[in-house]
Amino acid sequence: MKIVAFLFSFLFTISIVSLAQDKQISFIKNTTQWESQISYKSYLPGGELFLTPHGLRYSFHSLKDLDAIHEMKHSKNRSVNDEKVHCHAYDVTFKGANLNPVLHESKKLNEYHNYFIGNNPAHWASNVPLFEHIQYENLYPGIDLSLYSKNNSLEYDFIIAAHANPNLIQLAFNGVTPSLKNNGNLFIKTSVNELTELAPFAYQIINNNKQVVPCHFALKNNELSYAFPEGYNTSYELVIDPILIFSTYSGSNATTYGFSATYDLTGSLYAGGECFAVGWPSTVGAFQVTYGGSVDAGINKYSPNGSALIFSTYIGGVSSDVPNNLVVNANNELIVFGSTSSGNMPVTAGCYDNTANGASDMYVTHLNTT
């Protein structure tokens, strides 16, 4: 499933901070640098994913707290030494699974990491390898779990061999209380973010044809499993592929802070951030394709599955411009509300107030669908 986004199909309703574009999610092998129960680690937007033989641990931090600390650092005579960043971790345990599954790694990357942290050489590590694909082999009898990166998001698939029993799959949540929505999606709320995993997609390849198998989540006592109301052909392999709406990085080579996100009636997603330099992925024909000043608002619109950037634009003048909130109207047109200290913020003729009146003004920008 994709994650960002995450173990499953997650739409992270959190802002994304990145120093690089188009960064594939990878799995960092634990040689000696972390606790022994950790097999691999991945960096996710807003947190980390730890792979262990017995399950997955998600750890997220509050981007709101980090943004507040960032603002404090730009204020004079403000110390951030005592400020706290709230975090939330939870576990997804493979209940009843093989206690010693084989974790098979593949698609090794050319890059590597070095870890020389602290004064204990036993936890130092060099040339630590990274991989694109990890597979839990025989996690349950005849069932593998495959995790990999696709379109800059994390996916996982359960692969059920012919005549194996998918009812053995039981994912036990500890640290959160997931709920099922009327549309079949799984909703998870932590103390620092919210996650949505779309209803699963299952299929079989029979006579070289991909045949969809009706499938939905079943949730009982904080344990997640899969149900097949119409059954399936047990003589063939079955793949359960929970679908992540998407989770993606966006940014430039400078710091980029996320402020707001929303969606429209077609399922397209919007993200608003704070750009400190050139390099934001503005698209041809967008409202403002060039960097305007010390801090610009950056607005991205993504396709419903996150595979395409529909448009990306700067908004701003010579000083600081921030997109605090985004909302979409009934015509799928984006409205941006924020703060500006630019005297030349782009305004339209006949608007309510077309001049800057103080050190910082509010602004409202209404964009069309393109």
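Q: Serine 312, buried or exposed?
A: Buried: in this predicted model, serine 312 has a relative accessible area of 0%.

Q: Why does that count as buried?
A: Because buried means under 20% relative accessible area, and serine 312 is at 0%.

Q: Which strand is serine 312 in?
A: Serine 312 sits in strand S23, which covers residues 309-315.

Q: What does the side chain of serine 312 make a polar contact with?
A: The side chain of asparagine 300 is a partner, at 2.5 Å. A polar atom of the serine 312 side chain also lies 3.1 Å from the backbone oxygen of proline 281.

Q: And which residues does serine 312 touch, leaving out those up to four places away in sequence?
A: Trp280, Pro281, Ser282, Thr283, Ala286, Ile299 and Asn300. Pro281 and Asn300 in that list are the residues just mentioned for the side chain, proline 281 through its backbone oxygen and asparagine 300 through its side chain.

Q: Switching to pockets. What volume does the second largest pocket have?
A: About 650 Å³. It is lined by 25 residues, and Pro346, Val347, Asp353, Tyr363 and Val364 are the closest to its centre.

Q: Which strand gives the most to that lining?
A: S26, with 6 residues. Strand S26 spans 361-366, and strand S25 (334-340) likewise supplies at least two residues of the lining.

Q: How many of the lining residues are nonpolar, polar and charged?
A: The lining of the second largest pocket has 12 nonpolar residues, 11 polar and 2 charged.

Definitions and conventions. Residues are numbered from 1 along each chain as its sequence is written. This is a predicted model: local features need pLDDT of at least 70, side-chain atom pairs count only at pLDDT 80 or more; totals for chains, interfaces and linings use all residues. Side-chain values use heavy atoms; hydrogens and water are left out. Helices (H or I, at least four residues) and strands (E, at least two) are DSSP runs, numbered from the N terminus. Buried means under 20% relative accessible area, exposed over 50%, partly exposed in between (1.4 Å probe, protein chains only). A polar contact is a pair of N or O atoms within 3.5 Å; within protein, one must be able to donate a hydrogen and the other to accept it, and residues adjacent in sequence count only if both atoms are side-chain atoms. Contact means heavy atoms within 4.5 Å. On a 1 Å grid over the protein atoms alone, a cavity is a set of points where a 1.4 Å probe fits but cannot get out, and a pocket is an open set with protein on both sides within 12 Å along at least five of seven lines; lining residues have an atom within 4 Å of a point. Grid points are joined across faces, edges and corners, and a volume is the space filled by probe spheres set on the points. Ala, Val, Leu, Ile, Met, Phe, Trp, Tyr, Cys and Pro count as nonpolar, Asp, Glu, Lys and Arg as charged, and the others, Gly among them, as polar.
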